[in-house]
Amino acid sequence: MGEHLYLFLGDAWRRERAIQALRRKLLGETPQPQPEPRVLPLDGEDFRVEALVRALGTASLFEESVWIHVRRVEKLPDAAVKALLPHLAKPLPPGRYLVFEGEKLDKRGALYKLFAERGHVEELPAPTRRELPGFVQQMLRELGVKLPSAGVRFLLENVEGDLARFAREIEKLALYARGRGRGRPLSLEEVQALIFADKGANVFAALDALLAREPRSIGLLKAALEGGEEPTKVFYLLAAQVRRLLAVKSLAEEGLSAEAIARRTGEFPWLVKRRLGLVRRLSTQELVDLLHALHEEDVRMKRGERRPDDALWAAAWAWVFGREVRTSGEGPKPSAWGA
Amino acid sequence: MSHQALYRRWRPQRFSDVVGQPYTVQTLKNAIAQGEIAHAYLFAGPRGTGKTSVARIFAKAVNCPQPQEGEPCNACPSCQAIAQGSALDVIEIDGASNRGIDQIRQLREEVNFAPAQSRYKVYIIDEVHMLTNEAFNALLKTLEEPPPHVVFLFATTEPHKVLPTVLSRCQAFEFKAISPELIVAQLRRVVQAEKIAATEEALQAIARHARGALRDALVLLDQLVSFKGGGEITPDDLYEMLGLPPEEALDRFLDALADRNAPAALALLAELAERGRDFELFTEELLRRSRDRLLDLTSAPAASGEEETALWVRLTGELLELRRELRYALDKRILLEVFVLEWTHGAPAPAPQIPASKAAGAEPTAEARTRAQPQSQSQPQTQTQPQAQARARAPIPVKAQAPVPPQPQPEASSPPQEPPPGAHDAAPQPPIARGGGSAQGVREAWERLLVRARREKAALHALLAEASPRLAEGTLFIEYPPDYTFHKERLEQPENLQIVQSLVEEIFGGVRLAVGFASPSYSGDGDSPAASQAGSASGPGSAEAGAAIGPSPPGTGRALAEKVERVRQAFEGKVLR
């Protein structure tokens, strides 16, 4: 059994959970109920070695334990690490828990080695796309939130970032759900209204319809823009979607299955299937032409010839209705995007 | 007592007063009712949708000793102090003017102090996206482990500018734009309570122009009350106050364009000019309205044909382009008038291709259709494009009075096809002989010139399309009917003439160029040396009549003209001499 020296690295939410679990475990180990430990929070960026040394060396007045919590370990300056190492190399006084956490730490570094040799290191990497649904389902279960499968997909597709973001969103869903009685699943509409979609959920609905050349996409696009979406962001999301479609199409043409493509691209399998359904109706040439056309609009935007919303509309009309909007002075061009 | 703006008087004081954000409000109420208060919230959404109002209600509710199902009581000293803005523990910070690290450091120190009077110390930071990265990072440390008595409420219109690390520590809510129906309903409540006389149409117009922002709608209503001074508010008052064209005028103009009715559209432009309307704003509104009509068509496809949709797609696209051009135009009215003439007399843009598979036969060029029209009206219509049909339906009144006698027309069944881009360079046509070609040869060359002109500059093509060519004694006469002064003058502008000269040199060879009015007795024979006299019309070789540019040495003149034109286009400039 090593010293009470703990190092947690990786995803912030997983670290938080692991540290909470450790705290419960350590406090539950003692035969008598323990008072809450005194917490000394420190930060790697403005680290004060003397504060840590003082906490390690001073006996507790009432025998309570001291929980020294150092965040953002990756920001610790070299000088601080150097000054810290001799103190950490000595056995810790009783009732002292030293918890270091951060996103990453060099495994070849002295600090990491010290924790690995004398204490405990827990690596908690951010989940991959394939692992993410499992984590999200676990969070939903823990908070008693029931969602339709389309709602879970919506959540997974539209929230970006670390697991903490998912945790916050699920907490919010749980709060909303509690007001309407436990056990009842939320509807997709409710999920869509409540989720804070980093990537703009309504934008994606509009872009999907747009790429499928559905005329209703124009209305969806208008609603998204009037709802406050940035035209520039939507424009580049459209370009990114086209690139994704091209990637999926080329892999499918190589003979890869949807599952294999999902593995290769790191996308959710159902998303790959949806994209495959779309690209079957489109030729590679059409997609390449669309990408070129978006590039042209991009250049016009950067030259100040087009406003971002105009560029977006021009591209959308051209694609959906098979018409190229002329640019001044160029005269007509044969439509390259004909349906 | 001083006047308090409507939007302030009608600012919601309870969650149930908030308009259009039911899910957000319900979740926040549940959080308060169950005592599950997060330490940081982010309210994001367009302006005027209730972010700051909800933040203030939330601040009241978390500090209210007797909240009722999550709602603040609005009666206790805490609620009243917060409502009056005198509460010590509710601190509102404008992120735009307190965006530096020093302000955030100060805030970090302050948060450690316990609240003076309330349960929670609430920090409302408006426009939080304006904080610098350093300030965000400083804030992040507080957000990672905030004191239990502190709640942060961030409001922003641009959530994508908030650091993801900050976002992941907040419970984020998206405030949606409020629907026009809900805005109208709220306006109705306000006008009834405030005893303001306003028509239902006026309320709808206000809601439409508020674009999802209730605050904007109330501000507009307030302004209209002052503007009207007690009388009944109508939609026209709103348009008058904002300098906007009425919806009805927009519809009238669009209908005129759709029907190819140039006089009606031009008359409306004149009317707007008389009333001092801003043409750029008019075009902006026109584009919005055109897009709305297109949306109506696409959302009810059964009620409209593909051709009608295609017409509106094309018109909307042209308006989009017009708006771009208008930004650089010195005389916006003229540009709009040219646009009207261009559109009504043969829009230069390619025809929509929906669906391409259903398009029957080859598409005649716009000018060929225009010229072939008198003959083709009695023939079975083979054109599938909506503009061709619309043109066939609608008279072209401007052209009807042109005194130019009918000229021999190319066969309607074999219209000249526009060559694909680059095809012209690949297979150049021989220039017409300097001494004058046959009538047929001149017309074919003229058609080629029109096609090239359309590619060079759409407006120029529209001007040339109304003219007739005549080649005599080494001079190409571009002749207009006597009442086409506008066209002639526009063509004579140096930047247009430069391009025409360059094209004439390319297609007709080294001939002189003259622009003038056609004589009523003109026979239409391209070989006829008859002088084209009308007003200041030019005779062959008469440099002072009309505009005439002598031939340049082959190659050098054209290259120079092209360079000049490129420079002019790059700088949106004007050739002075």
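**Exercise 1.** Work out the strand order of the open sheet in chain B of this predicted model, and find its edges.

*Solution.* Start with the order: the sheet has 5 strands arranged 2-3-4-1-5, with parallel pairing. Next, look for strands that pair on one side only: these are strand 2 (90-94) and strand 5 (171-174) of chain B, so to speak the two ends of the row. Going from one strand to the next, the twist averages 15°.

**Exercise 2.** Zoom in on strands 3 and 4 of chain B: how many bridges join them, and which residue stands opposite B:Ile125?

*Solution.* Take strand 3 (residues 121-126) and strand 4 (residues 150-156) of chain B: they run parallel, joined by 5 bridges. Then pick out B:Ile125, and you'll find B:Phe154 of strand 4 standing opposite.

**Exercise 3.** Place B:Gln21 in the chain, then decide: buried or exposed?

*Solution.* First, the location: B:Gln21 lies in the loop between helix 1 (6-9) and helix 2 (22-33) of chain B. Second, the accessibility: B:Gln21 has 3% relative accessibility, and the cut-off for buried is under 20%, so B:Gln21 counts as buried. Third, the neighbours: leaving out residues up to four places away in sequence, B:Gln21 touches B:Thr49, B:Glu174, B:Phe175, B:Lys176 and B:Ile178.

**Exercise 4.** Find where pLDDT stays under 50 in chain B.

*Solution.* Begin with the average: chain B comes out at a pLDDT of 76, with 74% of the residues scoring at least 70. Among its elements, helix 3 (residues 51-63) has the highest mean, 96, and helix 19 (residues 397-400) the lowest, 32. Now the stretches under 50: they include residues 348-430 and residues 521-556. Where pLDDT is low, don't read the predicted coordinates in detail.

Technical notes. Residues numbered from 1 in each chain as written. Chains lettered and ligands numbered in written order. Predicted model: local features only at pLDDT ≥ 70, side-chain atom pairs only at ≥ 80, totals over all residues. Heavy atoms only, no water. Helix = DSSP H or I, 4+ residues; strand = E, 2+ residues; numbered from the N terminus. Axes fitted to C-alpha atoms, helices over the stretch in contact; angles between N-to-C directions. Buried < 20%, exposed > 50% of the residue type's maximum accessible area, 1.4 Å probe, protein only. Contact = heavy atoms within 4.5 Å. pLDDT = per-residue confidence, 0-100.
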